[in-house]
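Here is a walk through one protein chain, written for someone with the structure open on the bench computer. Turn the view as you read, and follow the strands before the side chains.

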Amino acid sequence: MAGKLTTHILDTARGCPASGIKIELWLVEEQAGEKTLLKTAIANSDGRTDSPLLADREFQPGIYELVFHVGSYFAQHIDNLPHPAFFDRIPIRFGIANSEAHYHVPLLVSPWSYSTYRGS
């Protein structure tokens, strides 16, 4: 079985999937101190991407970073938020060690907090 990378964004302030959030996927070259943008996606109505962010031959061991653009999302959905937003972009850096596994990186987010974990 080939591995894949997926994500899911849940808006904990409103109690629903977070649709329309821009997601960037970066490959991190720690020794060189460089990042390469691999993909940009928009969360669908279920707070997920329409297809895996990485799959098949694209899915390789390494260090990656997902960047979730949450500031504009919350500005559209919650009134009277301070400007600038407490969170604008949330980066989550993680490692993929097994190219045969499913790596799922959920984001539970509000304008003032977030959490993540390795899901299934």
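Four strands make up an open sheet in the order β4-β3-β6-β7, and their pairing is antiparallel. The edges are taken by β4 (34-42) and β7, each with a single partner strand, so one side of each has no neighbour in the sheet. On average, neighbouring strands of this sheet are turned by 25° against each other, direction ignored. Please keep in mind that this is a predicted model.

Strands of a sheet pair through backbone hydrogen bonds, either parallel or antiparallel. Here, β6 and β7 run antiparallel and are joined by eight bridges, while seven bridges join β3 (residues 22-29) to β6, again antiparallel. Individual residues let you trace these connections. Tryptophan 26 has glutamate 65 in β6 as its bridge partner, and glutamate 65 in turn stands opposite arginine 93 in β7. Phenylalanine 68 is matched with isoleucine 90 in β7. How enclosed is β6 by the rest of the structure? Six of its eight residues are buried, so β6 is largely enclosed.

For wider context, UniProt lists residues 5-119 as "domain: Transthyretin/hydroxyisourate hydrolase" in an unreviewed entry. Over residues 5-119 the chain is 6% helix and 48% strand, with the end C-alpha atoms 10 Å apart.

Now for the rings. The structure holds five aromatic pairs. Two of them are set side by side here.

| Pair | Centre to centre | Angle between planes | Arrangement |
|---|---|---|---|
| Phenylalanine 59 and tyrosine 103 | 5.9 Å | 50° | tilted |
| Tyrosine 64 and phenylalanine 94 | 6.2 Å | 25° | stacked |

Tyrosine 64 belongs to β6 and phenylalanine 94 to β7, so their pair ties together parts that are 30 residues apart in sequence. Tyrosine 64 counts as buried at 3% relative accessibility, and phenylalanine 94 does too, at 13%. Phenylalanine 59 and tyrosine 103 are both buried as well. This pair links distant parts of the chain, 44 residues apart: phenylalanine 59 is in the loop between β5 and β6, and tyrosine 103 is in strand β8 (residues 102-109). Elsewhere, ring pairs link Phe86, Phe87 and Tyr114 into a cluster.

Two of the aromatic residues already met also have a charged companion. Arginine 118 lies over the face of tyrosine 103, at 3.8 Å from the ring centre. The charged end of lysine 35 sits over the ring of tryptophan 26, 5.0 Å from its centre.

The loops hold some backbone details worth a look. Which residue is joined to proline 84 by a cis peptide bond? The partner is histidine 83, and omega is about 5°. Proline 84 lies in the loop between α1 (71-77) and β7 (89-96). Asparagine 80 is found in the loop between α1 and β7, and its phi is near 60°, a positive value in a residue other than glycine. Aspartate 56 also has a positive phi, near 55°, and its place is in the loop between β5 (54-55) and β6 (62-69).

Are these two residues buried or exposed? Taking over 50% relative accessible area as the cut-off for exposed, aspartate 56 has 58%, so this residue is exposed. Asparagine 80 has 79%, so asparagine 80 is exposed too.

Technical notes:
Residues numbered from 1 in each chain as written. Predicted model: local features only at pLDDT ≥ 70, side-chain atom pairs only at ≥ 80, totals over all residues. Heavy atoms only, no water. Helix = DSSP H or I, 4+ residues; strand = E, 2+ residues; numbered from the N terminus. Buried < 20%, exposed > 50% of the residue type's maximum accessible area, 1.4 Å probe, protein only. UniProt positions renumbered as here; feature names shortened; annotations may be inferred. Pairing = 2+ DSSP bridges. Axes fitted to C-alpha atoms, helices over the stretch in contact; angles between N-to-C directions. Phe/Tyr/Trp six-rings, centres within 6.5 Å; stacked < 30°, edge-to-face > 60°. Lys NZ or Arg CZ within 6 Å of the ring centre and 35° of its normal.
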